[in-house]
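Reader: I am a first-year student, and I would like to look closely at one part of a protein chain, after a short view of the whole. Could you take me through it slowly and explain the terms along the way?

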Amino acid sequence: MKKCFEKLRRLFRSPRLHHGGYQLLLCTGVIAALILFTVLIDIGEQRFGWQSDLSFNAISTTGETTDTLLRSLDKDVHAYAVFSDGSEDNQLIALLNRYQSRSDHFSWSQENLTRNPLLLQMVSDNDADASVSGDCLILYCADTGRTRVLSAEDYCEYAYSPETGSWVITGWTYEKSMTEALVYITLDELPRVQVLQGHGELTENEIAVMRSHLTASGYTMTFVNLMADGQLNADEPLMILSPTRDITEAELRKLTAYAEAGGDLFITVDWTDPDTLPNLYAFYRLYGIEPIPGLVLADSVDTGTYYESVPNLLPEMLYTDLTGVLKAGHADSVLLAGARAFETPAATGSALTTEVVLQSGPTAYIRQLTGSGANITVDFREGDRQGTFALALSAHRFFDGGKDSRAFAIGNSSLFLDDWMYTYTYSGELLLQALSTLSGGSDIRLDIVSRTAARPQLTFASAALPAVLLMLAPLIVLVLALAIYRPRRNL
């Protein structure tokens, strides 16, 4: 043993080691330490999400809502990030790494359809989802058997720009879309909404887009025909979508019993619907809802109250219990392409409260269109009723049995039936907010703020720190050089 130590001592004292070997050994050790440090940091980032997002919108940073959900996740979820070669979304990948670091039940892998074509079989049960393609994100929960497929469109937030007259991308919703999809596929039971049928209401084909949007938000839709012995569940909200035929006396009694049991209502009335539906409109009056015959038109001079043509109204959204969240989030722009008005609710007693949710501009007027072809005109004429009209109402009714019932009524259905409306206006947010306000409604929307898409302009204040650091670097080198040079200047 002593001989070994003696040999090592002689080795370190060897002139050959001091003339290069020692430096080589030191460099090798430093490089090995740096490699080990890099590996450990990478493992730590994968396991604990140490990396900080210093970009201007911190798009890969998760908020408290997402972190709480991931910490409480008790079902295994795997995400397949499908990219074609060279089209990887680095922002999405960074966020997936963050999700994986927050929960042992979340994992992800990067895939390519050419190498894993079996992914094409993972079709989502959600009608609103995109199909599996070369660039998408598939989230799958084996415990529930549900799948969500997100595409690039699911990560964009749009807003109408009055300056350009077009809809522009204002934000990125990576975190919101992914976290809501995570909630959807892991829910034990999805909320339900009932749809009345049998009276010439909107057909299943006509409401396909609405149904897809509700399914994407976690709802299951069922259809009820009271004339075919259908039964209403007072714990689930009921949609009455623009009937064209009246209900019977027996159906009126069933609807009244549903309301008295605490059932809630979502009602649409189009301007083309019949003006005389005695039993149905008598039921609506329980909530202070009184449709006005005719089409609401905007004054062509008041350009801020319509879009492109005067029947396409841009109503004002008022602050109510239903709209408070939307107004606070500036999600209050909707478009009514052909609208019917309601009588403005008068003062009511303690048993009924009715509020205006949407209203027209102050110079709007109602035209009862008759005739055909050249005889039809939308220009204002003497005798047309003019003023500010209620275009959507919310009501809260208390019954003698101690139950209370809520209702939402809007004088247009088209804003809920078209994909364009959901993409470029806040009709989807209004639909979900109305249903969630009803006591039987709930959805999977989460209060996650989108990340701004508009990069802020560079100002002197924002450039001050980088400028100072750039100036400090050569100054530090100069100071170190002087410190080394000074004791050696006389050598």
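What percentage of the contacts in the chain with a separation of 6 or more is accounted for by residues 24 or more positions apart? After that, please take a close look at helix 10, where W420 and Y424 both lie.

Author: This is a predicted model, in which local features need pLDDT of at least 70 and side-chain atom pairs count only at pLDDT 80 or more, while totals for chains, interfaces and linings use all residues. Residues are numbered from 1 along each chain as its sequence is written, and side-chain values use heavy atoms, with hydrogens and water left out.

To begin with your question, residues 24 or more positions apart account for 72% of the contacts in the chain with a separation of 6 or more, where a contact means heavy atoms within 4.5 Å. The chain has 491 residues, of which 44% count as buried; buried means under 20% relative accessible area, exposed means over 50%, and partly exposed is in between, with a 1.4 Å probe and protein chains only. Its secondary structure comes to twelve helices and 21 strands, and these are DSSP runs numbered from the N terminus, with helices being H or I of at least four residues and strands being E of at least two.

Now to the part you asked about. Helix 10 covers residues 419-424, and within it W420 and Y424 stand four residues apart, which is about one turn of the helix. In general, an α-helix has 3.6 residues a turn, so residues three or four places apart point the same way. W420 and Y424 also form an aromatic pair, with 5.3 Å from centre to centre and 45 degrees between the planes, and this pair is tilted. Rings of Phe, Tyr and Trp (its six-membered ring) pair if their centres lie within 6.5 Å, and planes under 30 degrees apart count as stacked, over 60 as edge-to-face and the rest as tilted. W420 has a relative accessibility of 30%, so it counts as partly exposed, and Y424, with a relative accessible area of 24%, is partly exposed as well.

M421, which is also found in helix 10, has a relative accessibility of 7% and therefore counts as buried. Leaving aside its neighbours within four places in sequence, M421 is in contact with L335, A337, S414, L415, Y426 and S427. In addition, M421 and V334 are 87 residues apart in sequence, yet their C-alpha atoms are 7.9 Å apart in space.

The aromatic pair of helix 10 can be set beside others, since the structure holds ten aromatic pairs. Y99 and F106 form a tilted pair, with 5.6 Å from centre to centre and 55 degrees between the planes. Y99, with a relative accessible area of 1%, is buried, and F106 counts as buried at 2% relative accessibility. Elsewhere, Y155, W172 and Y174 form one aromatic cluster.

Further along the chain from helix 10 comes helix 11 (residues 427-437), whose axis comes within 11 Å of the axis of helix 6 (residues 208-216) and crosses it at roughly 65 degrees. Axes here are lines fitted to C-alpha atoms, for helices over the stretch in contact, and the angles run from 0 to 180 degrees between N-to-C directions. The contact is made by M210, H213 and L214 of helix 6 together with G428, L431, L432 and L435 of helix 11. Among the buried residues of helix 6 are M210 and L214, and just after this helix G218 takes a positive phi of about 100 degrees.

Two loop residues offer a comparison with M421. T305, in the loop between strand 11 (295-297) and strand 12 (306-307), has a relative accessibility of 14% and so counts as buried. Not counting residues up to four places away in sequence, T305 touches A298, N312, L313, L314 and G361. E236 has its place in the loop between strand 8 (220-224) and strand 9 (238-241), and with a relative accessible area of 14% E236 is buried. E236 and Q194 are 42 residues apart in sequence but 6.6 Å apart in space, C-alpha to C-alpha, and Q194 is one of the residues that E236 touches, along with R192, T222 and Y258, when residues up to four places away in sequence are not counted.
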